[in-house]
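Reader: I'm new to reading protein models, and I'd like to look closely at one part instead of skimming the whole. Could you walk me through it slowly?

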Amino acid sequence: MHKNAERNRFEEAERIKFKEDSMFRKMRRFKQQLTNEECEKILREEPRGVLSMHGEDGYPYGIPIDFIFDEGKIYFHGAKTGHKIDALRADPRVSFCVYDEGYLKEGVQGLNIKSVIVFGRIRFVEDPEVIIDKSRKIGLKYDPPEMVEDDVKRNAKIVQILELTIDHITGKLVNES
């Protein structure tokens, strides 16, 4: 894709952001809606989510991915090349879905699950200090501390950190019966 066309698509995404949430639907079953605090708790505590983006030939592309929720943004890490990177360079708009393990409520059939869906835009982090900081935080979420430092130092130059700025977030409690 030509650089100007790519920039125009990104600028359009920026303009859309400021349309006061009119592009995002209100939750139909609002009594099941989670508070922002509950959504943030799920983002802090759950280990994985599914990052969805515009893929090739109009197909959606969703991948399970590790993440951290830090300073009001969501961070991912991965290789600097591949299908995900190509898709995000073509269009930085994404959705990200996270859900908990659920729980059974006595006397009620079905699993109760809390889920969060985030809509936002991805930015490729280039600052080496931020890359190291976010790599460390992601590592500490999943691995023992003694393993993290060596991994961060060894991979700092080859890892790509992606920053998701949240444009819209919603959460819901659903009974899966």
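Reader: How many bridges join strand β5 to strand β7, and in which sense do the two strands run?

Author: Happy to help! Seven bridges join strand β5 (residues 93–99) to strand β7 (residues 111–124), and the two run antiparallel. Two strands count as paired if DSSP finds at least two bridges between them. Helices (H or I, at least four residues) and strands (E, at least two) are themselves DSSP runs, numbered from the N terminus.

A word on the source before we go on. This is a predicted model, in which local features need pLDDT of at least 70 and side-chain atom pairs count only at pLDDT 80 or more, while totals for chains, interfaces and linings use all residues. Residues are numbered from 1 along each chain as its sequence is written, and side-chain values use heavy atoms, with hydrogens and water left out.

Now back to β7. To place one pair in its partnership with β5, find Val94: its bridge partner in β7 is Gly120. Strand β6 (residues 103–104) is joined to β7 as well, by two bridges, and these strands also run antiparallel. Here Leu104 stands opposite Leu111 of β7. Six residues lie between β6 and β7, which form a hairpin. In its turn you will find Gly107, with a positive phi of about 80°.

Next comes strand β8 (residues 160–175). The pairing of β7 with β8 is antiparallel and extends over 13 bridges. One pair to look for is Ile122, whose bridge partner in β8 is Leu164.

Let's stay in β8 and pick out Glu163, which belongs to this strand. Glu163 counts as buried because its relative accessibility is 7%; buried means under 20% relative accessible area, exposed means over 50%, and partly exposed is in between (1.4 Å probe, protein chains only). What does Glu163 touch? With neighbours within four places in sequence left aside, Glu163 is in contact (heavy atoms within 4.5 Å) with Lys73, Ile74, Tyr75, Arg121, Ile122, Arg123 and Val125. The side chains of Glu163 and Lys73 are also joined by a polar contact of 3.5 Å. A polar contact is a pair of N or O atoms within 3.5 Å; within protein, one must be able to donate a hydrogen and the other to accept it, and residues adjacent in sequence count only if both atoms are side-chain atoms.

From there, let's turn to charged pairs. Side chains of opposite charge can pair when their charged atoms come close. A salt bridge here is a side-chain nitrogen of Lys or Arg within 4 Å of a carboxyl oxygen of Asp or Glu, and by this rule the count comes to twelve. One of them connects Asp70 with Lys137, with 3.0 Å between the closest N and O atoms. This pair links distant parts of the chain: Asp70 sits in strand β3 (residues 68–70) and Lys137 in helix α4 (residues 128–142), 67 residues apart. Asp70 is buried because its relative accessible area is 14%, whereas Lys137, at 29%, counts as partly exposed.

Lys137 forms a salt bridge with Asp133 too, where the closest N and O atoms are 3.6 Å apart. These two are separated by about one helical turn, because they are four residues apart in helix α4. Asp133 counts as partly exposed, at 26% relative accessibility.

Helix α4 also holds Arg136, which forms a salt bridge with Glu149 at 2.5 Å between the closest N and O atoms. That pair links distant parts of the chain as well, since Glu149 is in helix α5 (residues 145–155) and the two are 13 residues apart. Glu149 is partly exposed at 29%, and Arg136 is partly exposed at 27%. Salt bridges that share partners join Asp70, Asp133, Lys134 and Lys137 into one network.

Finally, let's step back to the whole chain. The chain has five helices and eight strands, and 35% of its 177 residues are buried. Of the contacts with a separation of 6 or more, 72% are between residues 24 or more positions apart. As for confidence, the average pLDDT (the predictor's confidence in each residue, from 0 to 100) is 87, and 87% of the residues score at least 70. Do take care with residues 13–21, where pLDDT stays under 50 and the model has nine contacts beyond four places in sequence.
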